[in-house]
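Trainee: I am new to this structure and would be grateful for a close look at one part of it. Please choose a pair of helices that meet, and then set that pair in its surroundings.

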Amino acid sequence: MSKKLLLLAAACLILSSCGQKQNQAAVPSQNNTSLEAAAPGTGPSANSDHLSETATEPSAEAGTEEQEPPSQDAVEETITPLYHINKAYRVVPNEEGTETKVVLLTFDDGPKEQEMIDGLIDTLDKHQAKAIFFVNGYRVETHPELLKLIHDRGQVIGNHSWDHIDLKKESESEARKQVEDVQAIVEDTIGERPRFFRPPFGSGNDQLHQIVEENNMIYMTWSNGSLDWDSKNKNKPEAVIQNVLEQLHAGSNILMHELPWTVEALDGLLTQLEEKGYSFVDPRTISEAPEQSE
């Protein structure tokens, strides 16, 4: 009888053990999921939270961008108009009290060569001066990189017609093309249109004045000629300086060119002008003439 009881008890133990194994095998995924959910910082849900926090957190670079200084265009917009060009093409103040002992520096017939342009601008930078570079369209078309050089170095671009021809002798349509084609190529090259126009040879008429006005430019010739273009002054920087000083007056609108002897003369010229108490007008401060001005 006792043997039968022992056999029955053994059979019950075997059956009980099999049932536990079957129950454990039936729920492995539930047990694993519970373990993953209980472990902090692991699994897909933890990664998603981390990515979300990273995306919404402001970066140091973003903060820096918000504090960048204003663009060059914004700076230029704050420049106060101080001067205008009168009927004699001199630089005169818009209001009483503004400095009158000033000169305007201009260079015609470029852009020609990088070496000359760099030489002129190096000297302008030395004297903290700005100038107008009056350019011809056909030269810009050949060397747009030189126009960019002048602009990128902080100087001002002016319109000097496309072909450097006498516009007074041209028809209205041809004169307009000579003016407006330069406006277009300069804008295409540096992103802005010239604000100043100088006719080749200083030759113009009412028709040309009207075309220039329609293109929102300020018309000027000059009031002080360096004569650096004259063959008798070739390779004579001292003669260029003397020509300017002999004609010097308050508001001198000085005509020069991109020429090697002018590059050589410029530092000495600007030094002597400063010694005489003259300063250099920033062309960006030149506006249309006030209505009350003559």
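Mentor: What follows begins with the chain as a whole, turns to one helix pair, and then visits the strands and loops.

The model is a predicted one. Its protein chain holds twelve helices and eleven strands. Of its 294 residues, 39% are buried. The chain exposes about 17,200 Å², and carbon and sulfur atoms supply 50% of that area. Among contacts with a separation of 6 or more, 74% are between residues 24 or more positions apart.

The part to examine closely is the meeting of helix 6, residues 114-126, with helix 12, residues 260-275. Their axes come within 9 Å and cross at roughly 5°. Angles under 35 degrees count as roughly parallel, and helix 6 and helix 12 are therefore roughly parallel to each other. On the side of helix 6, the residues that take part are Met116, Gly119, Leu120, Thr123, Leu124 and Lys126. Helix 12 meets them with Pro260, Thr262, Val263, Leu266, Asp267 and Leu270. By character, the residues of this contact divide into seven nonpolar, three polar and two charged.

The stretch that leads into helix 6 also deserves attention. Pro111 sits in the loop between strand 3, residues 102-110, and helix 6. The peptide bond from Gly110 to Pro111 is cis, with omega near -5°. As a general rule, most peptide bonds are trans, and most residues other than glycine have a negative phi.

Two residues bear on the second half of that rule. Tyr89 is not a glycine, yet its phi is positive, at about 65°; Tyr89 belongs to the loop between strand 1 (83-85) and strand 2 (91-93). Asn235 likewise has a positive phi, near 60°, in a residue other than glycine. Asn235 is located in the loop between strand 8 (224-225) and helix 11 (237-246). Exposed means over 50% relative accessible area; Asn235, at 56% relative accessibility, therefore counts as exposed.

The loop that holds Tyr89 joins strand 1 to strand 2, and these strands pair in the antiparallel sense over three bridges. Within this pairing, Ile85 stands opposite Val91 in strand 2. Both strands belong to an open sheet of three strands in the order 2-1-11, with mixed pairing. Strand 2 and strand 11 (286-287) stand at the edges with a single partner strand each, so one side of each has no neighbour in the sheet.

A further pairing joins strand 4, residues 131-135, to strand 5 through four bridges, and these two strands run parallel. Phe134 has Gly158 in strand 5 as its bridge partner. Along strand 5, residues 156-159, Val156 and Gly158 point one way while Ile157 and Asn159 point the other way; all are buried.

The last stop is Pro144, which lies in helix 8, residues 144-152. At 30% relative accessibility, Pro144 counts as partly exposed. Pro144 and Asp188 are 44 residues apart along the chain, and their C-alpha atoms are separated by 9.7 Å.

To return to the part chosen at the outset, helix 6 follows the loop that holds Pro111, and its axis comes within 9 Å of the axis of helix 12.

How values were computed: Residues numbered from 1 in each chain as written. Predicted model: local features only at pLDDT ≥ 70, side-chain atom pairs only at ≥ 80, totals over all residues. Heavy atoms only, no water. Axes fitted to C-alpha atoms, helices over the stretch in contact; angles between N-to-C directions. Parallel < 35°, antiparallel > 145°, perpendicular 65-115°, else oblique. Contact = heavy atoms within 4.5 Å. Nonpolar A, V, L, I, M, F, W, Y, C, P; charged D, E, K, R; others polar. Buried < 20%, exposed > 50% of the residue type's maximum accessible area, 1.4 Å probe, protein only. Areas by Shrake-Rupley, 256 points an atom, 1.4 Å probe, with all protein chains shown as cover. Pairing = 2+ DSSP bridges.
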